[in-house]
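Let's work through a few short exercises together. Keep the structure in view and try each task before you read its solution.

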Amino acid sequence: SSGITQSTEAVVSTQSTGATKPPPVTFVPLTNSIGHFFKRNGRRPEKVRSSLFSFESSAMGMTISSEHRAQNFNDADSDSNACELPALFVKSPHNITLVFKQINKFIGEISNVLSFTDAGCLTLQAFLDDFVERTFLKRLSEKITGEIQEINEGKAGLNMVKPNKSGWPRALAGGAVKVQEKLAELRVLMNRMPKYCPKFLEMVYEVLKNYRRICCNTFNDLSEAHKQDTLCQIWFKDSQITEIVKKQPSWLEMFPDEGSTTEGPGSLREFVTAVGRHQGKEVFDKSRIMSENKMIELAQLQDSITWLVRYVNEFAEDLHRDKELADQLPPKVMEDCRIRLGERTAELSSLSHNCMMILYLEIRVQCYFHLLQVLRKQDYKPDTENSDPDTSVTQLNKSYYEFEEKVKDYLPATHTKFLFEGLGYVMSAVVIDNACNIKEINSAGIKKMSRNILALQQNLTNITLTCELELERARFYYELLYLKPEEIIRRIVEQEKRFTKKEYSELLQLYFRSHKNKKSAKDLERFTKQLDEIVNLQ
């Protein structure tokens, strides 16, 4: 099999064999016969006849005498029309993948004919094993590692591309596409070289592990602001807040495998209460708010990871359906493959869910940031009526509208709906719960506040395509300030109670802060007592 071995080495070698170099030209003394000179120079050179194949590296070619090779070289050099034979293939270690099965089959046949119990004793088998282990697998691993490292230098490869035949309706991060291509390449090699399938699987695990590490670094970079945590990341680290979000029906619809670890449905009221514990501790500084570009990149990362996880799941299913591969691999290898790929997809899925959680919280952080600027004014007593909403409200609406317009190109409709779902309740809670921060308010201020709430409602309705009745409740709350305290009490008695005892109490206190007189303190105490009696009776 030495001839096959040498031919295989010529196919996979990365070094050019080329034509055999001619022997050095020797000086011909002048004392030689002049007849010999004319005889040598008078010979007509024979035209070199080109052939389709060159066998210079074969065993037969190596037995040709050096004089004959030198003569062929001189003949070819003397013919101006002679040309070098074109290469039939590009020499590469990767060529071994195309002939691996055929060579193995040939080795098996030889072993049967020669009655070898161990094919490893054959020279060809020894060469094949040595080349694959030391050269091909090593270079393949280095190549894949280098390409994954290039992703790390480009923020998880967030340059968006539209891969062909992906079946995905949105553009994907270039890094995720590159990882998918590497996995597909390794899957082809498993079919061509099933003997080394465990080696290729190890590369698959390493690729997914490295890509997850890259994505985690990108996730941390996007959620940080000036080397400190953004406000949404502080909320994200509060397990009580995240557990409440994971109980939401929309979250369970998107991620059925990752719900809350605690029992009982999570309510939006619980969310507002949990966030309220941070409201007095954290400074709502603009520098700790995520930019729109970072939020979009986070959405791109989330969707691309989701796509890659789906592909890895299909990859694993395809492996287990491959009966030919399963017959050649020990059951332990296949079981280990199932477990380890499951672990990798679970890690990537968890990171994808974290991206959605950060986006969900950031939208609500911006709600608190802008609305608290409106509600923490010293007073709300404009001299003239103004039908325009406050600047902070306008900025918040603009931020939501522009983000929704962009993010829907990178997230499915269910995910975009989840981000804004229940936001009206949070807005209403912020506006009502922080009425205690308003020092004074007059009729023009009440109208201004109603205009702010209406602007929020209209903008959010355009995004969610729902009525957002919770904001109607907030507007009704402030419009009660048009009434006198006794009228407020009478309305509570005659109509259904729409607010809590605390909310009514804060409303009465705001009324008397805005209508100060000598009897304000006593009147407030009297109406508060009446409120307690009515609420207790109901």
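**Exercise 1. Locate glutamate 468 and describe its backbone and its surroundings.**

Step 1: Glutamate 468 lies in the loop between α19 and α20; helices here are DSSP runs of H or I with at least four residues, strands are runs of E with at least two, and both are numbered from the N terminus.
Step 2: Its phi is positive, about 55 degrees, although glutamate 468 is not a glycine. Most residues other than glycine have a negative phi.
Step 3: With 13% relative accessibility, glutamate 468 counts as buried (buried is under 20% relative accessible area, exposed over 50%, partly exposed in between, with a 1.4 Å probe and protein chains only).

A note on the source: this is a predicted model, where local features need pLDDT of at least 70, side-chain atom pairs count only at pLDDT 80 or more, and totals for chains, interfaces and linings use all residues. Residues are numbered from 1 along each chain as its sequence is written, and side-chain values use heavy atoms, leaving out hydrogens and water.

**Exercise 2. Is leucine 465 buried or exposed?**

Step 1: Find leucine 465 in the loop between α19 (443-464) and α20 (469-479).
Step 2: Leucine 465 has a positive phi of about 60 degrees and is not a glycine.
Step 3: Its relative accessible area is 74%, so leucine 465 is exposed.

**Exercise 3. Which residues does methionine 427 touch?**

Step 1: Leave out residues up to four places away in sequence; contact means heavy atoms within 4.5 Å.
Step 2: Methionine 427 then touches Cys367, Leu371, Leu396, Tyr400, Leu456, Leu460 and Leu471.
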